[in-house]
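Colleague: I would like a close look at one charged pair in this model, and then at the part of the fold that surrounds it. Please take me through it step by step, with the sequence and structure open beside us.

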Amino acid sequence: MQRCLTLASKGLGNTYPNPLVGAVVVYNGKIIGEGWHKKAGEAHAEVFAIEAVNDKSKLTKSTLVVSLEPCSHYGKTPPCSKLIVESGIQHVVVGMKDPFDAVHGRGIKHLQNCGVKVEVGVLEDQCRELNKRFLSIVEKKRPYIILKWAACQNGFIAPDQQKEGQPYWITEPPAQQLVHKWRAEEQAILVGRKTIEVDNPQLNVRLWSGKQPTKLIIDPSCKVKVDSKIFQLKENIYIYNNKKQESHQNIHYILVDFNNEPLTQMMNHLYQIEIQSLIVEGGAATLRHFIDNGIWDEARVLTGQKKISKGLRAPKINKNFHLITKNMCGVDKIQFFKNPSCD
């Protein structure tokens, strides 16, 4: 099962809106076939694992180990539970049940009804952690939310005086590249209007290889300039505002009542368009809004070596921030926090 999790993680950033899944075929204690779900619309992990077995006669005496319950419905691909039965495999080990309504135990039941022995719940906690994004959209009806910011040694995230349109880099190039890797792993990225005005960012993954995230901007009065760099990109951009609801090519204005739980409205919209994960990169007021409302799952806080004499304070890390781990990226420190109230 640990090998399944390792394989499944290779699909991070490419399988949305599908979950991450890895599978292996074991014969006489050895893996003879393995695979993972690589992209939505393409074959599932079980298909790759079974197809990778050179001697198909061994399947009847093999065990299929898979991190998530095999599907039992026809979607963009045929049901994996049907393929497993047809392959002759008699024993299946499942990491966790799939909570998605179209599956939700039906794959396991189908296998059992066809005489296949099924074991469920192996490394289940690790399987849930792997698919925390998928589980958030299914169980919480909102994306998995990651807060990210960089602060200098004395707690500022930006200087008091900053030239408009030119970002102030607190971290060094290795950490900047790591942030782009994080962006490639998540489905959407969100900032407030002020960040667009001050930094004029692209919010892309130019320092890494991967899909470009969907761009989200909180801009109540629609003040963001249309000549900003972000509007020169091809990815979908959603602007949450209280002025209009309309679309122009890849730019979509989403009407929000900012006097009535605006974050909840935004999360409902992201659920509707099947955004599984969201990385919130600021600015300070936007981050504090998520923190104050308790609508976040994970926080990644980078601390650089620079010091700023006067500037914009970083969000405070309060009692709801449970430190998971910390490490270094070059000279920059990174702390990873969880929000225990969202577990």
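With which residue does Lys338 form a salt bridge, and how far apart are the closest N and O atoms?

Modeller: Please keep in mind that this is a predicted model, and every value below is computed from it. Lys338 forms its salt bridge with Glu129, and the closest N and O atoms of the two are 4.0 Å apart, where the cut-off used for a salt bridge is within 4 Å. Because Lys338 lies in strand β17 (residues 332-338) while Glu129 lies in helix α5 (residues 124-130), the pair ties together parts that are 209 residues apart in sequence. The two ends are not equally covered: Lys338 has a relative accessible area of 16% and is therefore buried, whereas Glu129, at 41% relative accessibility, counts as partly exposed. In general, side chains of opposite charge can pair when their charged atoms come close.

A second salt bridge gives a useful comparison. Glu235 pairs with Lys215, with the closest N and O atoms 2.9 Å apart. That pair also links distant parts of the chain, since Glu235 sits in the loop between β9 and β10 and Lys215 in strand β9, 20 residues apart. With a relative accessible area of 0%, Lys215 is buried. Returning to your pair, salt bridges that share partners join Glu129, Lys132, Glu298, Arg300 and Lys338 into one network. The structure as a whole holds 18 salt bridges.

One of them lies within a single helix: Lys82 pairs with Glu86, their closest N and O atoms being 2.6 Å apart. Both residues belong to helix α3 (residues 80-87), four residues apart, which is about one turn of the helix. Here Lys82 counts as partly exposed because its relative accessibility is 34%, and Glu86 counts as exposed because its value is 55%.

The strand that carries Lys338 leads us to the sheet. Strand β17 belongs to an open sheet of ten strands with mixed pairing, in the order β11-β12-β10-β9-β8-β13-β6-β14-β17-β16. The edges are taken by β11 (246-248) and β16 (322-329), each of which has a single partner strand, so one side of each is left without a neighbour in the sheet. From one strand to the next, the twist averages 20°. Strands β6 (144-151), β13 (277-280) and β14 (298-303) are crossed by helix α6 (residues 132-140), which runs at about 125° to β6.

Further along the sheet, strand β10 (residues 237-241) runs parallel to β9 (residues 214-218), and four bridges join the two. Among the bridge partners in β10, Tyr238 is the partner of Leu216, and Tyr240 is the partner of Ile218. Five bridges join β10 to β12, again with the strands running parallel, and Ile237 stands opposite Ile251 in β12. Since five of the five residues of β10 are buried, the strand is largely enclosed by the rest of the structure. Ile237, Ile239 and Asn241 point one way from β10, while Tyr238 and Tyr240 point the other way. Helix α9 (residues 262-272) lies across β10 at about 150°, and also across β6, β9, β12 (251-255) and β13.

Some of these elements also border the largest pocket, which holds about 1,200 Å³ of space. Of the 48 residues that line this pocket, the closest to its centre are Thr195, Asp199, Glu281, Gly282 and Gly283. The elements that give two or more residues to the lining include β6 and α9 from the description above, together with β8 (188-192), α8 (193-199) and α10 (284-292).

Definitions and conventions
Residues numbered from 1 in each chain as written. Predicted model: local features only at pLDDT ≥ 70, side-chain atom pairs only at ≥ 80, totals over all residues. Heavy atoms only, no water. Pairing = 2+ DSSP bridges. Axes fitted to C-alpha atoms, helices over the stretch in contact; angles between N-to-C directions. Contact = heavy atoms within 4.5 Å. Buried < 20%, exposed > 50% of the residue type's maximum accessible area, 1.4 Å probe, protein only. Salt bridge = Lys/Arg side-chain N within 4 Å of Asp/Glu carboxyl O. 1 Å grid on protein atoms, 1.4 Å probe; cavity = no way out; pocket = protein on both sides within 12 Å on 5 of 7 lines; lining within 4 Å. Points joined across faces, edges and corners; volume = space filled by probe spheres on them.
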